[in-house]
Every structure is written in C-alpha cells, then in structure tokens.
Amino acid sequence: MKVTSDTNLASSISRLVPNLLKIHSYGLCELAQACSQQLHSPICEIMPSLSLSLHTMITRGELRYDQQYNRVFIG
C-alpha cells in the first residue's frame, strides 16, 4: 500500500506500529525499516510521521521505550 499524504501516512503508522509490536519489540532503526517496507515508502519519507506517532503513543502510555536497550514495545 503506497501512502502519499502526511495525514494518511501518520494514520497508517499509528495503526501499523502496534501491530508490528505485537509480534516482538523493535529497536528504533528496525521499526523504521519495518514501517518503510510495509508502507512501501522510503525511510526518509516516513521518519517525521513515525517520530510524531511514536511520541504521541508513548505519551499516551500505549507504547514504552527502553533507552538502555533501545527497544520500543507495547506499554
């Protein structure tokens, strides 16, 4: 699924990330690569939306980030 607009991209990422994290935790770079592959978009195009989505989901307590191990997982 090729995503074109920033709004659609952010929405797609917000749905995709929790589904990916149900399988296992990811490092930030691994998560960016997985999202890039699933959305058929270059990493450089998804990074702003991914960063914003991760920040929002972590702030809401939906996800957690372990700085020591650089892992994102479901909160």
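**Exercise 1. Work out how many disulfides this predicted model holds.**

Let's begin with the result: the count comes to zero disulfides. To see how, recall that two cysteine sulfur atoms must lie within 2.5 Å to be paired.

- Step 1: take Cys29. The closest cysteine sulfur belongs to Cys35 and is 12 Å away, too far for a bond.
- Step 2: take Cys44. Its nearest cysteine sulfur is that of Cys29, at 14 Å, and Cys44 is in no disulfide.
- Step 3: add the surroundings. Cys29 counts as exposed, at 61% relative accessibility, and Cys44 is exposed too, at 64%. Cys35, in contrast, is among the buried residues of H2.

**Exercise 2. Check the length of helix H2, then find what its buried residues pack against.**

- Step 1: H2 covers residues 28-39, which makes twelve residues.
- Step 2: at 1.5 Å a residue, the expected span is 16 Å. The end C-alpha atoms are 16 Å apart, so the two agree.
- Step 3: list the buried residues, namely Leu31, Ala32, Ala34, Cys35, Ser36 and Leu39.
- Step 4: look across from them. Their packing partners are helix H1 (6-23), helix H3 (43-59) and strand E2 (71-74).
- Step 5: step just past the helix, where His40 has a positive phi of about 55°.

**Exercise 3. Which residues make the nonpolar surface patch, and how exposed is Tyr65?**

- Step 1: the patch is built from Leu28, Ile58 and Tyr65 and has an area of about 220 Å².
- Step 2: place Tyr65, which belongs to strand E1 (residues 63-66).
- Step 3: with a relative accessible area of 32%, Tyr65 is partly exposed. That value passes the 30% needed to join a patch.

Definitions and conventions: Residues are numbered from 1 along each chain as its sequence is written. This is a predicted model: local features need pLDDT of at least 70, side-chain atom pairs count only at pLDDT 80 or more; totals for chains, interfaces and linings use all residues. Side-chain values use heavy atoms; hydrogens and water are left out. Helices (H or I, at least four residues) and strands (E, at least two) are DSSP runs, numbered from the N terminus. The expected span of a helix is 1.5 Å times one less than its number of residues. Buried means under 20% relative accessible area, exposed over 50%, partly exposed in between (1.4 Å probe, protein chains only). Contact means heavy atoms within 4.5 Å. Patches are made of residues with over 30% relative accessible area and no salt bridge: like charges are joined within 9 Å, nonpolar side chains (Val, Leu, Ile, Met, Phe, Trp, Tyr) within 5 Å. Accessible areas come from the Shrake-Rupley method with a 1.4 Å probe; for residues, only the protein chains shown count as cover. A salt bridge is a side-chain nitrogen of Lys or Arg within 4 Å of a carboxyl oxygen of Asp or Glu.
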